[in-house]
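Student: I would like a close look at one part of this model, with the surroundings explained as far as they bear on that part. Please keep to what can be computed from the atoms.

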Amino acid sequence: MAIREILEYPDPRLNAISAPVETFDERIEQVVADLVDTLHASRSIGLSAPQIDVREQILVMDHSDDQSEPEVFVNPQILARSRLGLVEERCLSVPGLVTNVLRSTVVQVRAFDAAGTAFERELSGMPAVCLQHELDHFDGKLLADRINWFRRRRLRAALEKARKAA
Ligand code: NI
């Protein structure tokens, strides 16, 4: 288990498409363990594999107060969605950006766990929104792609400045 580096915008690797997992083996278990460690270290609620430079359809979420309930979704697919709402989102890969996104607030999802067992679940509220945000990462889509060019230009300048100061 290890805390991995989280790629940050505008790293082009974040815009790549992630492939479905085909073989559930030790390597996948390792990626899942690293994702959970990295998620908990960053005190966030969701993280997807492409954010740690693994372009496969694996995401983890933990909505508990004490980081005790990590949930793993491999090859997740949304079967049904409803109740649109405008939701404020952030992303570990786009530090400093907070923006509203139109999302379904109830989703029915089918996925596999780390061992390759299929399951179905209904998510509502923040977990539903978070799942859709992480799914966007599999398509190489970031919050930074959802804002207008003027905000994006300001964001890039701010991130560049922060990196130079670091
Ligand atoms: Ni994100």
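Which residues line the largest cavity?

Tutor: The lining consists of Glu89, Cys91, Arg103, His133, Asp136, His137, Lys141, Leu142, Leu143 and Arg146. The model is predicted, with pLDDT of at least 70 required for local features and 80 or more for side-chain atom pairs, while totals for chains, interfaces and linings use all residues. Residues are numbered from 1 along each chain as its sequence is written, and side-chain values rest on heavy atoms, without hydrogens or water.

The search covers the whole structure and finds one cavity of 30 Å³ or more. The volume of the largest cavity is about 40 Å³. The grid has 1 Å spacing and uses the protein atoms alone; a cavity is a set of points where a 1.4 Å probe fits but cannot get out, and lining residues have an atom within 4 Å of a point. Points are joined across faces, edges and corners, and the volume is that filled by probe spheres set on them.

By class, the cavity lining holds five charged, three nonpolar and two polar residues. Here Asp, Glu, Lys and Arg count as charged; Ala, Val, Leu, Ile, Met, Phe, Trp, Tyr, Cys and Pro as nonpolar; the others, Gly among them, as polar. Helix H2, residues 126-138, contributes the most to this lining, namely three residues. Helices (H or I, at least four residues) and strands (E, at least two) are DSSP runs numbered from the N terminus.

Several lining residues belong to the metal site. The nickel ion is coordinated by the SG atom of Cys91 and by the NE2 atoms of His133 and His137, at 2.1 to 2.2 Å. Along the sequence these donors follow the spacing C-x41-H-x3-H. Cys91 and His133 link distant parts of the chain: they are 42 residues apart, with Cys91 in the loop between E3 and strand E4 (99-112) and His133 in helix H2. A donor is an N, O or S atom within 2.8 Å of the metal (3.2 Å for Na, K and Ca), and since water is not among the atoms, sites may look incomplete. Cys91 is buried at 9% relative accessible area, and His133 is buried too, at 7%. Buried means under 20%, exposed over 50% and partly exposed in between, with a 1.4 Å probe and protein chains only.

Cys91 also leads to the largest pocket, which holds about 310 Å³ of space. The pocket lining has 15 residues, and Ser44, Ile45, Glu89, Arg90 and Cys91 are the closest to the pocket centre. Glu89 and Cys91 thus appear in the cavity lining as well. A pocket is an open set of points with protein on both sides within 12 Å along at least five of seven lines. E3 and H2 are the elements that give two or more residues to the pocket lining, and H2 gives the most, with five. The classes here are six nonpolar, five charged and four polar residues.

The strands on either side of the Cys91 loop belong to an open sheet. Its five strands come in the order E1-E2-E3-E4-E5, with antiparallel pairing. E1 and strand E5 (118-124) are the edges; each has a single partner strand, so one side of each lacks a neighbour in the sheet. From one strand to the next the twist averages 30 degrees, taken between lines fitted to C-alpha atoms in the N-to-C direction, on a scale from 0 to 180 degrees.

Two strands pair if DSSP finds at least two bridges between them. E3 and E4 are joined by 12 bridges, E4 and E5 by seven, and E2 and E3 by four. Val109 appears in two of these pairings: Val109 is the bridge partner of Ile78, and Arg121 in E5 is the bridge partner of Val109. Met61 stands opposite Glu71 in E3.

One backbone detail concerns a loop next to the sheet. Arg43, in the loop between H1 and strand E1 (46-48), has a positive phi of about 55 degrees although it is not a glycine. Most residues other than glycine have a negative phi. Arg43 counts as exposed, at 67% relative accessibility.
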